[in-house]
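Visitor: I would like a brisk tour of this model, pocket by pocket and ring by ring. Please show it first.

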Amino acid sequence: MGFYLTLTYIGFTLLSPAELFPELAPYRIMIWIALLAICASVPNFFGSRWLQLPASYLMFGFITAICISRILNGWVGGVPSALAAFLPVGLIFFLLVWNVRTISQIRGLTLMLLAIALYSILRGVIAYHAGDIDSSYVVYQPIWIDESLGLRTGYLRICALGFLNDPNDFAQYLLLLLPLLLPMWHKGHLLKNVFSCAIPGAVLLIGIYLTNSRGALIGLALLLLFLLKDRLGGRRVALLAPLALAAVFLLNRGGRAISVHEGSAM
């Protein structure tokens, strides 16, 4: 039960029910789902070895750093609000380490994350091609032609809802789903792999392209190099690196430069 409630909580966090159904906001649905998920995870809390995971201590370090950063900036009263903002992320982490421990559970998690991603991409593509700048699934990116004359143009970038409403954040989410498709691969099942890996992977790449996120394009190039490293060897991958970066520049749309000094690329 803890696993399914964890999926429910993560799914609702990504879909942002407060934006989909504003009339449900007063009922605090997310808090109730979180409490149910925590209660259902109690057996796994005591039965798993989650405290032996280095990532658990890293998460505790993040939480401590959030508190210290507010205190050092002279804003002790900001600690509760900062923790409340970080709480959904921290809770998702602990729910995952308590409840997701098998390959089949990882596949179930991936299917849920993938379904939400494909739905958001579909809504974004529809709004993108319709030129619907009022849609919550696209963001208009202005580009100045001549700032002194007030001349500018722009284009649409797809995004999702909630904390993924920024195209760069949405692109990173799609990028991180690509490696999670690997456990979905079944050796010797061509047709099954086409529908479980190839087609979803292609849609994710289209989504990343339509976000026009320069940081995600750089991340995609690095991801491909790491995937090829064990097959081709370090030297060959080093030779392919310039080609991968060249492909990033070719895929970059809209006339925005790629620089390590720019926030998105960093």
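Visitor: How do the residues of the lining of the second largest pocket divide into nonpolar, polar and charged?
Guide: This is a predicted model. The pocket in question has a volume of about 460 Å³, and 16 residues line it. Its lining divides into 14 nonpolar, one polar and one charged.

Visitor: Which residues lie nearest the centre of the second largest pocket?
Guide: The lining counts 16 residues. Nearest the centre are L178, L181, L182, L224 and L227.

Visitor: Which helix gives the largest share of the lining of the second largest pocket?
Guide: Three helices each supply at least two residues: α8, α9 (190–211) and α10 (214–232). The largest share is six residues, and it comes from α10.

Visitor: What is the volume of the largest pocket?
Guide: The general idea is simple: a probe the size of a water molecule, rolled over the atoms, shows where empty space is left. For the largest pocket, the volume is about 1100 Å³.

Visitor: Which residues are closest to the centre of the largest pocket?
Guide: The lining has 39 residues. The closest to the centre are T13, L14, P88, I92 and F163.

Visitor: Which element supplies the largest share of the lining of the largest pocket?
Guide: The elements that give two or more residues are α1 (2–15), α2 (17–20), α3 (29–40), α6 (79–99), α7 (103–130) and α8 (167–180). The largest share is nine residues. Its source is α6.

Visitor: How many residues in the lining of the largest pocket are charged?
Guide: By class, 33 residues of this lining are nonpolar and four are polar. The charged residues number two.

Visitor: Now the rings. What kind of pair do F3 and Y4 form?
Guide: The structure holds ten aromatic pairs. In the pair of F3 and Y4, the ring centres are 5.3 Å apart and the planes stand at 70°. An angle over 60 degrees counts as edge-to-face. So the pair of F3 and Y4 is edge-to-face.

Visitor: Is F3 buried or exposed?
Guide: The cut-off for buried is under 20% relative accessible area. F3 has 12% relative accessibility, so F3 counts as buried.

Visitor: And Y4, buried or exposed?
Guide: Exposed means over 50% relative accessible area. Y4 has 57%, so Y4 is exposed.

Visitor: What kind of pair do Y57 and F60 form?
Guide: Both residues lie in helix α5 (residues 54–72), three residues apart, about one turn of the helix. Their ring centres are 6.4 Å apart. Their planes stand at 70°, so this pair is edge-to-face.

Visitor: How does F60 count by relative accessibility?
Guide: Its partner Y57, at 52%, counts as exposed. Partly exposed covers the range between under 20% and over 50%. F60 has 35%, so F60 counts as partly exposed.

Visitor: Which residues form one aromatic cluster with Y57 and F60?
Guide: Y57 and F60 are a pair in helix α5. The cluster around them is formed with W50, F93, F94 and W98.

Visitor: Last, the whole chain. How many helices and strands does it have?
Guide: Read along the sequence, the pattern is α-α-α-α-α-α-α-β-β-α-α-α-α. The count is eleven helices and two strands.

Visitor: What share of the residues of the protein chain counts as buried?
Guide: The chain exposes about 15900 Å², with 71% of it supplied by carbon and sulfur atoms. The chain has 266 residues. The buried share is 38%.

Methods
Residues are numbered from 1 along each chain as its sequence is written. This is a predicted model: local features need pLDDT of at least 70, side-chain atom pairs count only at pLDDT 80 or more; totals for chains, interfaces and linings use all residues. Side-chain values use heavy atoms; hydrogens and water are left out. On a 1 Å grid over the protein atoms alone, a cavity is a set of points where a 1.4 Å probe fits but cannot get out, and a pocket is an open set with protein on both sides within 12 Å along at least five of seven lines; lining residues have an atom within 4 Å of a point. Grid points are joined across faces, edges and corners, and a volume is the space filled by probe spheres set on the points. Helices (H or I, at least four residues) and strands (E, at least two) are DSSP runs, numbered from the N terminus. Ala, Val, Leu, Ile, Met, Phe, Trp, Tyr, Cys and Pro count as nonpolar, Asp, Glu, Lys and Arg as charged, and the others, Gly among them, as polar. Rings of Phe, Tyr and Trp (its six-membered ring) pair if their centres lie within 6.5 Å; planes under 30 degrees apart count as stacked, over 60 as edge-to-face and the rest as tilted. Buried means under 20% relative accessible area, exposed over 50%, partly exposed in between (1.4 Å probe, protein chains only). Accessible areas come from the Shrake-Rupley method with a 1.4 Å probe; for residues, only the protein chains shown count as cover.
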